[in-house]
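Visitor: Got a minute to walk me through this one? Let's start with the fold.

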Amino acid sequence: MLRYITRRLLWSVALLLIVTAVVFVIFNVLPSADPAQLRAGRGASVDQIEAIRHSLGLDDPMHVRFLRYLEGVVTEFDLGTSIFQNNEPVRDIIFDRLPATIFLVSGAVVLWLGIGIPVGVISAIKRRSLLDRSTMIVTLTLISAPVFWLGLVALYLFAQDVGLIHIFPGIGAYNEANSFWERAWAMVLPWIVLASATAAIYARYVRSEMIEVMGEDYIRTARAKGVPERLVIRRHGLRSALTPVVTLLGLDIGLLLAGNAILTETVFNIPGIGGELASAIAQSDYELIQGIVLFGAFFIVICSLIVDILYAYLDPRVRYS
């Protein structure tokens, strides 16, 4: 097990270095706008632009700039400074927005697991029944619906400020909340919206896995030995069916923490990483975009590493593959 973890850890470090290089090249070669021009402003002279370029080290060779950037990331987690936010360090901006994103994602994860797994199990057990067909139609509808559309519909129906039925706090309620419970109440609608499509995906995935597992020989053996059906489902069927879900869950959490909750955060005006990324794109703040993308890549790689370790713990056969 230790050997497997060490191998995966070394691979993750190498992958992070590759991702850092790719992100750096993309944001320093492809952008059409000149970072020095953006910092200097529209009315700056050529000499002023060149002076800024020299002060930022933009006139150095690409490999020198990359090594300097890599040293800053590794030693101080320095992701640069934001052009349009008074040269505030990108690292501080990300850490300031991260709690809201973590709060949004954690609540949505609890919600979609609490709904998706039971629905998938029940649908697999009641296969081809009216309940199974109904739940699969609902899940297919939720998967097909865009998140921003679900958010707008939810606001129109249930928000206190613009909704037809004034139940949940509306746009920007999280920014005005002062206590934990006020923030949690403000997050109920975003949690539901973010969890809806994902819960539908998990329900269909768990249903498919449960149907396959319940047809295995060891399930028939357990039934032949007289094991109660509920124990067969819970101890044998569900445990085996949920093992692949660990991989899916880890990647989903990593992607959402990396900024994939951008649509939900934008619709509900939540001050998270996704909303900050949308603002940075609108302003062409390349250093901030680069920092958020790189930070998100770190999250995804780390979550993948954790998933690999958990998967090896749950299924010892993985260590030898």
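Visitor: What does the secondary structure come to?
Guide: The protein chain has 14 helices and zero strands. Helices (H or I, at least four residues) and strands (E, at least two) are DSSP runs, numbered from the N terminus. This is a predicted model, where local features need pLDDT of at least 70, side-chain atom pairs count only at pLDDT 80 or more, and totals for chains, interfaces and linings use all residues. Residues are numbered from 1 along each chain as its sequence is written, and side-chain values use heavy atoms, with hydrogens and water left out.

Visitor: How much of the chain counts as buried?
Guide: 43% of the 321 residues. Buried means under 20% relative accessible area (1.4 Å probe, protein chains only).

Visitor: And which residues are buried in helix 13?
Guide: Helix 13 spans residues 273–283, and its buried residues are Ile273, Gly274, Gly275, Glu276, Leu277 and Ala280.

Visitor: What follows helix 13?
Guide: Ser284, with a positive phi near 60°.

Visitor: Switching to pockets. What volume does the largest one have?
Guide: About 460 Å³. A pocket is an open set of points on a 1 Å grid where a 1.4 Å probe fits, with protein on both sides within 12 Å along at least five of seven lines; lining residues have an atom within 4 Å of a point. The volume is the space filled by probe spheres set on the points, which are joined across faces, edges and corners.

Visitor: Which lining residues are closest to its centre?
Guide: Of 19 lining residues, Phe24, Leu56, Tyr69, Gly80 and Glu287.

Visitor: Which helix gives the most to that lining?
Guide: Helix 4, with four residues.

Key:
Buried means under 20% relative accessible area, exposed over 50%, partly exposed in between (1.4 Å probe, protein chains only).
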